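I opened the file and went through it from the whole chain down to single residues. These are my notes, in the order I made them.

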Amino acid sequence: MSEADAIRIVLADDELLLRVALSALLTLDGTIDVVAQAGNGEESVTATLQHHPDVLVIDLEMPEMDGLEAVASIMSTRPEQRVLMLTRHARQGVLRRALKLGVLGFMSKGADPEEIAEAIRKVNEGQRWIAHDVLEASVVDDSPLTEREADVLRETREGYSVRDIARRLHLAPGTVRNYLSYATQKTATSTRHDAARAARDRGWL
C-alpha cells in the first residue's frame with residue numbers, strides 16, 4: 001500500500017505515553033497514517049472535523065467530554081465518520097449507546113497493536129468489529145444504576161451543577177436531584193460526587 005493509499009486516522013487518548021506509543025506502532029508498516037492526535041474530547045472533535053480522517057480511533061474515558069459525547073458531536077456534523085472506540089470498561093449500556101451513535105468498532109485498550117490495526121482496517125471498510133472480550137464484558141452488567149442515574153452521575157463527574165445537569169439532559173432540577181439521591185443510595189455513599197467516583201471506580205459509568 002502506498003502512502004497515498006494509507007488509512008488516515010485521528011488518534012484520541014488522554015494518556016500521552018500510550019497514545020504516542022500506539023501511534024508509532026500503528027504506522028510501522030505504512031498502511032496506517034496518524035494525521036492528528038488528541039488528548040481530550042474537545043480536541044478530538046476539532047481534529048476530526050479539521051482533518052476528515054478515514055477512521056477516528058478514540059478512547060471512551062477522556063476529560064472535557066468523554067468519547068461518546070465527542071462522537072455524538074462529530075456525528076451531528078459528519079454522520080459518515082467511521083469510528084473505532086477503545087475502552088478499559090465495557091458495560092452493556094456504553095456499548096449500546098456507542099452502537100446507537102454509529103460507532104462501528106469497539107475494543108479493549110489492552111489489545112495488541114496488531115489487533116487494533118486489524119480493527120481499523122475492518123472499520124475503514126465499513127464493517128462492524130466488536131472484540132470478543134468487550135462483548136463478553138458488556139453483557140455482564142451488574143450495575144444497580146438505571147441509565148438515567150448513570151447519566152446524571154457522568155454529568156456530576158464532569159463538575160456540572162444540578163441546574164446545569166438539568167439543562168444538559170433536558171430534565172427538571174427536582175428530577176435530577178431524585179436521580180442523584182437514588183444513585184447515592186445505591187452506591188452507599190454520602191454525596192453525589194462520592195457516588196460518581198464510586199460508580200466510575202466500579203465500572204458502572
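The entries below start with overall figures and end with single residues.

**Entry: confidence**

I noted at the start that this is a predicted model. I looked up the confidence and found a mean pLDDT of 90 for the chain, with 92% of its residues at 70 or more. I then asked which element has the lowest mean pLDDT. It is helix 6, residues 132-139, with a mean of 69. At the other end of the ranking I found strand 1, residues 7-12, which has the highest mean at 98.

**Entry: overall build**

I listed the elements and got 10 helices and six strands. I wanted to know how the radius of gyration fits the chain length. A compact globule of 205 residues would have a value near 17 Å, and the chain has 18 Å, so the two agree. Along the principal axes, I read off a box of roughly 60 × 30 × 30 Å for the C-alpha atoms.

I looked at contacts with a separation of 6 or more, and 65% of them join residues 24 or more positions apart.

**Entry: surface and charge**

I found that buried residues make up 47% of the 205 in the chain. The accessible surface comes to about 10000 Å², and carbon and sulfur atoms account for 49% of that area. For the charges, I have 25 positive and 33 negative in the chain, and their mean positions lie 8 Å apart.

**Entry: helix 7**

Is helix 7 largely enclosed or largely open? I checked residues 147-157 and found eight of the 11 buried, so the helix is largely enclosed by the rest of the structure. I wrote down the buried ones: Glu149, Ala150, Asp151, Val152, Leu153, Arg154, Glu155 and Thr156. Charged residues are in that list, among them Glu149, Asp151 and Arg154. Just after the helix, I noted that Gly159 has a positive phi of about 95 degrees.

**Entry: positive phi outside glycine**

I looked up His170, which is not a glycine but has a positive phi of about 60 degrees. I located His170 in the loop between helix 8 (162-169) and helix 9 (173-186). Its relative accessible area is 72%, so I put it down as exposed, the cut-off being over 50%.

Ala188 also went into this entry, with a positive phi near 55 degrees in a residue other than glycine. Ala188 sits in the loop between helix 9 and helix 10 (192-201). I read 70% relative accessibility for Ala188, which counts as exposed.

**Entry: Thr27**

Where is Thr27 found? I placed it in the loop between helix 1 (16-26) and strand 2 (32-38). Thr27 is partly exposed, because its relative accessible area of 30% falls between the limits of 20% and 50%. Leaving aside neighbours within four places in sequence, I found Thr27 in contact with Ile32, Asp33 and Val34. I also took a distance to Lys109, which is 82 residues away along the chain, and the C-alpha atoms of the two are separated by 17 Å.

**Entry: Val134**

I went back to helix 6, which holds Val134. Is Val134 buried or exposed? I found 3% relative accessibility, and buried means under 20%, so Val134 counts as buried. Val134 and Asp14 are 120 residues apart along the chain, and I got 20 Å between their C-alpha atoms. I added a reminder that helix 6 has the lowest mean pLDDT among the elements of the chain.

Note on methods:
Residues are numbered from 1 along each chain as its sequence is written. This is a predicted model: local features need pLDDT of at least 70, side-chain atom pairs count only at pLDDT 80 or more; totals for chains, interfaces and linings use all residues. Side-chain values use heavy atoms; hydrogens and water are left out. pLDDT is the predictor's confidence in each residue, from 0 to 100. Helices (H or I, at least four residues) and strands (E, at least two) are DSSP runs, numbered from the N terminus. The radius of gyration is taken over C-alpha atoms; the globule rule is 2.2 Å times the number of residues to the power 0.38. Buried means under 20% relative accessible area, exposed over 50%, partly exposed in between (1.4 Å probe, protein chains only). Contact means heavy atoms within 4.5 Å. Accessible areas come from the Shrake-Rupley method with a 1.4 Å probe; for residues, only the protein chains shown count as cover. The place of a charge is taken as NZ of Lys, CZ of Arg, CG of Asp or CD of Glu.
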